[in-house]
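Biologist: Let us go through this model together. I will ask, you reason.

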Amino acid sequence: MPNWGGGAKCGACEKTVYHAEEIQCNGRSFHKTCFLCMACRKALDSTTVAAHESEIYCKTCYGRKYGPKGIGFGQGAGCLSTDTGDHLGLNLQQGSPKSAHPSTTTNPSKFAKKMVDVDKCPRCGKSVYAAEKIMGGGKPWHKTCFRCAICGKSLESTNVTDKDGELYCKVCYAKNFGPKGIGFGGLTQVEKKE
């Protein structure tokens with residue numbers, strides 16, 4: 001049936017949306033006053049909307065409903081959120097209802113796996129985190145452990161060499177592992193065999 005003299009139907013109230021009051025999202029039209037989060041009823045705009053099939057949410061409610069669940073999955077860095085969104089009417093419990101005692105899970109979270117899989121420094125054997133990691137010889141090192149194994153000189157990418165899993169400055173490497181003879185390793189004469 002033709003739509004005489006009107007615009008599209010609003011995705012929220014199903015009334016006609018005229019061009020002057022239209023906001024489009026996910027292939028659907030809305031009145032400016034109907035462009036609200038389906039959970040918390042906050043007004044939305046193009047920067048705060050998150051669409052899921054025919055539903056629209058603010059990014060916070062969308063994350064609570066469809067994002068990863070558990071401690072550590074909140075809004076912003078360093079957030080430990082256990083907010084389930086119950087106060088907003090979001091039913092996030094899938095499966096059995098919450099028990100009074102937390103159960104031990106046999107499938108650790110991604111966060112727990114990351115904590116276990118932290119690289120170890122070959123020099124000191126302690127965990128190397130991203131903020132202090134320097135790669136050398138194909139292995140992660142602490143910045144403070146990234147030193148020559150012989151002279152202890154601090155190393156950089158321009159003066160590091162590796163042998164058998166250990167790091168050396170170029171001078172110590174040449175003296176200890178380089179070719180021997182005149183002009184090599186600082187020797188001025190050929191060593192005599194006795």
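Modeller: Contact here means heavy atoms within 4.5 Å. Keep in mind that this is a predicted model.

Biologist: Which residues does leucine 44 touch, not counting residues up to four places away in sequence?

Modeller: Take heavy atoms within 4.5 Å as the cut-off. Residues up to four places away in sequence are not counted. That leaves Phe35, Leu36, Cys37, Val49, Ile56, Tyr57 and Cys58.

Biologist: Which strand gives the most to the largest nonpolar core?

Modeller: The largest nonpolar core has 14 residues. Phe35, Cys37, Leu44 and Ile56 have the most contacts inside it. Three residues of this core come from one strand, residues 55-58. That strand is β6.

Biologist: How many residues are in the other core, the one with Cys121 and Val128?

Modeller: This core lies apart from the largest one. Its members include Tyr168 and Cys169. The count is eleven residues.

Biologist: Are phenylalanine 30 and phenylalanine 35 stacked, tilted or edge-to-face?

Modeller: Their ring centres are 5.5 Å apart, within the 6.5 Å limit for a pair. Stacked needs planes under 30 degrees apart, and edge-to-face needs over 60. The planes of these two rings are at 55°, so the pair is tilted.

Biologist: Is phenylalanine 30 buried or exposed?

Modeller: Buried means under 20% relative accessible area. Phenylalanine 35, its ring partner, is buried at 3%. Phenylalanine 30 has 2% relative accessibility, so this residue counts as buried.

Biologist: Tyrosine 173 and phenylalanine 177 also form an aromatic pair. Which helix holds both?

Modeller: The centres of these rings are 5.4 Å apart, with 45° between the planes, and the pair is tilted. The two residues are four apart, about one turn of the helix. Both lie in helix α3.

Biologist: What is the relative accessible area of phenylalanine 177?

Modeller: Partly exposed lies between the 20% and 50% cut-offs. Tyrosine 173 falls there, at 28%. Phenylalanine 177 is partly exposed too. Its value is 34%.

Biologist: Which tyrosines form one aromatic cluster?

Modeller: Aromatic pairs come to five in the count. One cluster is made of Tyr57, Tyr62 and Tyr66.

Biologist: Where is confidence lowest, by helix or strand?

Modeller: The mean pLDDT of the protein is 75, and 65% of its residues reach 70 or more. Over residues 93-105 the pLDDT is below 50, and this stretch has three contacts beyond near neighbours in sequence. Strand β12 is highest, at 91. The lowest, at a mean of 50, is helix α2.

Methods:
Residues numbered from 1 in each chain as written. Predicted model: local features only at pLDDT ≥ 70, side-chain atom pairs only at ≥ 80, totals over all residues. Heavy atoms only, no water. Core = buried A, V, L, I, M, F, W, Y, C linked by side-chain atoms within 4.5 Å. Buried < 20%, exposed > 50% of the residue type's maximum accessible area, 1.4 Å probe, protein only. pLDDT = per-residue confidence, 0-100. Phe/Tyr/Trp six-rings, centres within 6.5 Å; stacked < 30°, edge-to-face > 60°.
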